Amino acid sequence: MAALTPYQSWGRYPRALPAGVRSLRFRDQPLPRVAGSVLPFGNGRSYGDSCLNNGGTLLATRGLDRFLAFDPATGLIRCEAGVLLSEILSLTVGGGWFLPVTPGTRYVTVGGAIANDVHGKNHHLAGTFGHQVIRLELLRSSGERLRCGPTERADLFAATIGGLGLTGLITWAEFRLKRIANPYVQVERTRFDHLDGFFELALGADREHEYTVAWIDCLASGRHLGRGIYLAGNHAAPTCEDAPRPPGRAPSIPFDPPLSLIATPTLRAFNEIFYRKQPRRPTNGVEHFAPFFYPLDGIGQWNRIYGPKGFLQYQSVVPMSAGRDATRAMLACIAGSGQGSFLSVLKVFGDRPAAGLLSFPRPGVTLALDFPYKGRATLRLFETLDTLVAQAGGAIYPAKDAHMSPRLFAAGYPRVDEFRRHLDPAFSSSFWRRVTGAVA
Ligand SMILES: Cc1cc2nc3c(=O)[nH]c(=O)nc-3n(C[C@H](O)[C@H](O)[C@H](O)COP(=O)(O)OP(=O)(O)OC[C@H]3O[C@@H](n4cnc5c(N)ncnc54)[C@H](O)[C@@H]3O)c2cc1C
C-alpha cells in the first residue's frame, strides 16, 4: 500500500502516489513540462480517486487564490480557480451575498466545484454549480488559453463542467452570487417514521423551500426502514428574531487513531439518539448558515475517525419512477449488512437538464452514505448496491467514487464518447483510467 501524502482524497481510499506535485502560483504561467500525465488537484475534498493521479503529476491549484473582480451591486464575481468557497463567503456574506449553489462542505475550490459540477440542497430550484458559471478560462497542454461559457465554445464548456479535470486547467471563473438579507436560515425540521414519509414531505416541501434534504437512519429496518429527519430551509427575512451567534472555531480530530472509531453498536445508538432528539412535531427556528449548510465542517479533519484504512462514500441517483422501490431495496440491503454511516443523506433532484456532459445530478432520488473500508465485506455490499442502481437505470457520483466498474460508468454516463472528443491528451486521473481502461 502506498504511503499517505498530503495529496490524498478525503476518504483516504484508495492510496495513490503521484510521481510529482507542481504548485501553481500564477494564472498566467504555462503548464509545467513533465513526463507522463497531469491532473489538477483542488483541495482534495473528493472522496475517492477522481482527484488522484497515481504515477503522474498533480497540479496543485490552491496557490491560484486571488479575487479578480466583484461587483457588490450585481453580485458578479470573478476569481482564480484555487479560491475556496469559504473564502468567497468570508468576503461576501457581510455585504449580503451568498453562493448560488454550495455542496455540504465550504472547503472546496472553485475549480473543483466546476470540475465535479457539484450540487447542493437547492438543486430542485437552482441546478448545479455549473449552471451558475458565466465564463471561465481553460489552459490546455497545447498552451492555448480558451475562454468558454454557455454561448462561447459551448461544447468545450459543457465538457469542462463536470469534466473531472480532464479537459485542461481552469485558471479562473466568473459567476453570479445570490442576494441574502443576513447570514441566517429559517429551518423547519420534521421527523418521519419510514421511507414513504420522506417522499410525502419531499413532494410538498420542495415547492415551498429553497433548500431541502433528509437525514436517514440507515440502520433502521422493518417498519422503520428509511426513517429520518427532513430539513427544509429558506434564507431568513431581513428582520428575524432570536438570531443565533455564529459558531466559534471548529474543534479538530487531533491525530490518526490506529483503528476506525466507527463500530455498528455505537452507530446504531448514535442514529437512535439523533432521531429521538427531534420532537415528533415539526420544529421551526432560525439557524446560522454555517451549521445548516456545512454540519460536518464543524469538526476539522473528521475523516480521521475512520482510521488508517479510510472510508468510501456511496452516492447514487435513480430515476423517480424507480426511486421508491430502489431506495427501499438499497436501505434494506445496507441495514442488513450492519455497515453504514452517521449522516446518510436522501434528496430529490430537480428536473433541470444537466449543465455538463458528465454531470452527475439528474432528475431522481439521490442517496449518499459513508462506509468504513472493511475490505471484501464493503466491496461485496457495493456490488449488491451497484446491481440495484443499474437495474433502476441510475448512476454513481464520480466525486465520491472509488469502486465503480467500467460497465456501470458507461451505463450511467451515456455522453462519455462525446466527452472524449474534448479530453486534453496530457491530462488523466486514477479514476479515469479505472473506469475507462485508458493508459496513463
Ligand atoms: C463533507 C463533504 C461534503 C460534500 N458534499 C457535497 C455535496 O453536497 N454535493 C456535491 O456535489 N459534492 C459534495 N462533496 C464533494 C465535493 O464538493 C467535491 O468533490 C468537490 O469537487 C471537491 O473540490 P476540491 O476543490 O476539493 O477538488 P478536488 O477534490 O481536489 O478535485 C476535484 C476534481 O476537480 C478537478 N479540478 C480541481 N481544480 C481544477 C482546476 N483548476 N481545473 C480543472 N479541474 C480542476 C480535479 O482534477 C478533480 O477531478 C462533499 C465533500 C465533502 C468532503
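Start with the whole protein chain in cartoon view: it has 12 helices and 18 strands (DSSP runs, H or I of at least four residues for helices and E of at least two for strands, numbered from the N terminus). The radius of gyration, taken over C-alpha atoms, is 21 Å, close to the 22 Å that the globule rule (2.2 Å times the number of residues to the power 0.38) gives for 440 residues, so the chain is as compact as a globular protein of that length. Along its principal axes, the C-alpha trace spans about 60 × 55 × 45 Å.

Keep in mind that this is a predicted model, where local features need pLDDT of at least 70 and side-chain atom pairs count only at pLDDT 80 or more, while totals for chains, interfaces and linings use all residues. Residues are numbered from 1 along each chain as its sequence is written, and side-chain values use heavy atoms, with hydrogens and water left out.

Next, select the ligand and the residues around it (those with a heavy atom within 4 Å). You should find 34 residues, the closest being Pro40, Arg45, Ser46, Thr109 and Tyr397. By class, 17 are nonpolar, 15 polar and two charged (Ala, Val, Leu, Ile, Met, Phe, Trp, Tyr, Cys and Pro count as nonpolar, Asp, Glu, Lys and Arg as charged, and the others, Gly among them, as polar).

Now look at the polar contacts (pairs of N or O atoms within 3.5 Å). A side-chain N or O atom of Thr109 is 2.6 Å from a ligand oxygen. Backbone polar atoms also take part: one of Arg45 is 2.7 Å from a ligand oxygen, and one of Gly112 lies 2.8 Å from a ligand oxygen. Taken alone the ligand exposes 980 Å², and the protein buries 96% of that (Shrake-Rupley method, 1.4 Å probe). Colour strand 2 (38-41), helix 2 (110-115) and strand 9 (169-176) to see the elements that give two or more residues to this shell.

Arg45 also leads to another stop. Select Pro6, Gln8, Asn43, Arg45 and Gln301, the closest to the centre of the second largest pocket among its 17 lining residues. The lining has five nonpolar, seven polar and five charged residues.

Finish in the segment before strand 1 (20-23), where Pro14 lies. The peptide bond from Tyr13 to Pro14 is cis, with omega near -5 degrees. Arg12 is in the segment before strand 1 too, and its phi is near 60 degrees, a positive value in a residue other than glycine.

Technical notes: A polar contact is a pair of N or O atoms within 3.5 Å; within protein, one must be able to donate a hydrogen and the other to accept it, and residues adjacent in sequence count only if both atoms are side-chain atoms. On a 1 Å grid over the protein atoms alone, a cavity is a set of points where a 1.4 Å probe fits but cannot get out, and a pocket is an open set with protein on both sides within 12 Å along at least five of seven lines; lining residues have an atom within 4 Å of a point.
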